[in-house]
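Biologist: Before we discuss any labels, could you show me the model, so that each term can be set against its definition?

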Amino acid sequence: MKNDKKTNQYRVNEQIRVREVRVVGDDGSIVMPTRQALDMARQKGVDLVEISPNAQPPVCRLIDYSKFLYQQKKRAKEMKAKQVKVEVKEIRFGPQTGENDYAFKLKHAKEFLIEGNKVRAYVFFRGRSILFKEQGEVLLLRFARDLEEFGKVEQLPALEGKKMAIIMAPKKAGVAKKSQQKMDRERREAEAKEAARQGEAAETVADDMPANGGLLANARISEEALKKLTQNKDE
């Protein structure tokens, strides 16, 4: 039944009853009377298949109909395979979630967003803990802020019965985009580390030089002697 529906999706040969059609092929297209197009199809041993009935005039192809259906089925299968399946991963908090638990769940949320999935985080209020709904909202907003490099808020915190939920979608599937602020901070940290490394290297070289008789010692002695000589001249 399913195959019959697919087969009847297109009009073929004598089912095409308009006065003229546009026949397309590898070398372009041409408008001609439908009868002429049908004769051409018979001469080539193929079918006249209407592929765009709403065009003016309707667009047709000269092709074996079974081959045409196979190509359509193959193309649909390829398009379906290319579609990215987005899942919604859920993360549950309590209104008084501890820091360790929060950090653990935040780490998983980052992984979900990097993989291209959505994240639905919610705070579950049990019994009288519903009195702390403001605390739950603050927690979810903090959660969104900590994930701003990886996702964007699709739904702000909203109370649904005993749950307050927020939904975040990935900014870009499979890629975490760094903010300019973080890149600047990382650059400054790298420069500071390099400066510290060079300073340590200079201190090491100085420490390795001999205290007496070395180049550094000679340079200091010469400098002091020159100062004394200059002072005596002035006097």
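Modeller: This is a predicted model, and a convenient place to begin is Glu 160, which forms a salt bridge with Arg 120, the closest N and O atoms being 3.1 Å apart.

Biologist: What makes Glu 160 and Arg 120 a salt bridge?

Modeller: The term asks for a side-chain nitrogen of Lys or Arg within 4 Å of a carboxyl oxygen of Asp or Glu, and the closest N and O atoms of this pair are 3.1 Å apart, so the pair qualifies under that cut-off. The two residues come from distant parts of the chain, with Glu 160 in strand 7 and Arg 120 in strand 6, 40 residues apart.

Biologist: Why is Arg 120 called buried, and why is Glu 160 called partly exposed?

Modeller: Buried means under 20% relative accessible area, and exposed means over 50%. Arg 120 has a relative accessible area of 14% and is therefore buried, whereas Glu 160, with 38%, lies between the two limits and is therefore partly exposed.

Biologist: What does Glu 50 pair with in a salt bridge, and which parts does that pair tie together?

Modeller: Glu 50 forms a salt bridge with Arg 11, with 2.7 Å between the closest N and O atoms. Glu 50 lies in strand 3 and Arg 11 in the loop between helix 1 (2–7) and strand 1, so the pair ties together parts that are 39 residues apart in sequence. With 2% relative accessibility, Glu 50 counts as buried, while Arg 11, at 37%, counts as partly exposed.

Biologist: How far apart in helix 2 are Asp 39 and Arg 42?

Modeller: Asp 39 and Arg 42 are three residues apart in helix 2 (residues 34–44), and are therefore separated by about one helical turn. Their side chains meet in a salt bridge of 3.0 Å, N to O. Asp 39 has a relative accessible area of 34% and is partly exposed, and Arg 42, at 46% relative accessibility, also counts as partly exposed. The structure holds 11 salt bridges, and Glu 99, Arg 142, Arg 145 and Asp 146 are linked in a network of them.

Biologist: How do you know that strand 7 and strand 8 pair, and in which sense?

Modeller: Pairing requires at least two bridges between two strands, and strand 7 (residues 151–160) and strand 8 have seven, in the antiparallel sense, so they satisfy that requirement. One of the bridge partnerships joins Ala 158 to Ala 165 in strand 8. The two strands form a hairpin with two residues between them, and Gly 161 in the turn has a positive phi of about 65°.

Biologist: What joins strand 4 to strand 1 and to strand 3?

Modeller: Strand 1 (residues 20–25) runs parallel to strand 4 (residues 59–63), with three bridges between them, and strand 3 (residues 47–52) runs antiparallel to strand 4, with five bridges. Arg 61 of strand 4 is the bridge partner of Val 24 and also of Val 49.

Biologist: Which residues have the most contacts inside the largest nonpolar core?

Modeller: That core has 20 residues, and those with the most contacts inside it are Ile 91, Phe 93, Val 119, Ala 121, Leu 140, Phe 143 and Leu 147. Helix 4 gives the most to this core, with five residues. A second, separate core of nine residues includes Ile 16, Val 23, Leu 48 and Cys 60.

Key: Residues numbered from 1 in each chain as written. Predicted model: local features only at pLDDT ≥ 70, side-chain atom pairs only at ≥ 80, totals over all residues. Heavy atoms only, no water. Helix = DSSP H or I, 4+ residues; strand = E, 2+ residues; numbered from the N terminus. Core = buried A, V, L, I, M, F, W, Y, C linked by side-chain atoms within 4.5 Å. Buried < 20%, exposed > 50% of the residue type's maximum accessible area, 1.4 Å probe, protein only.
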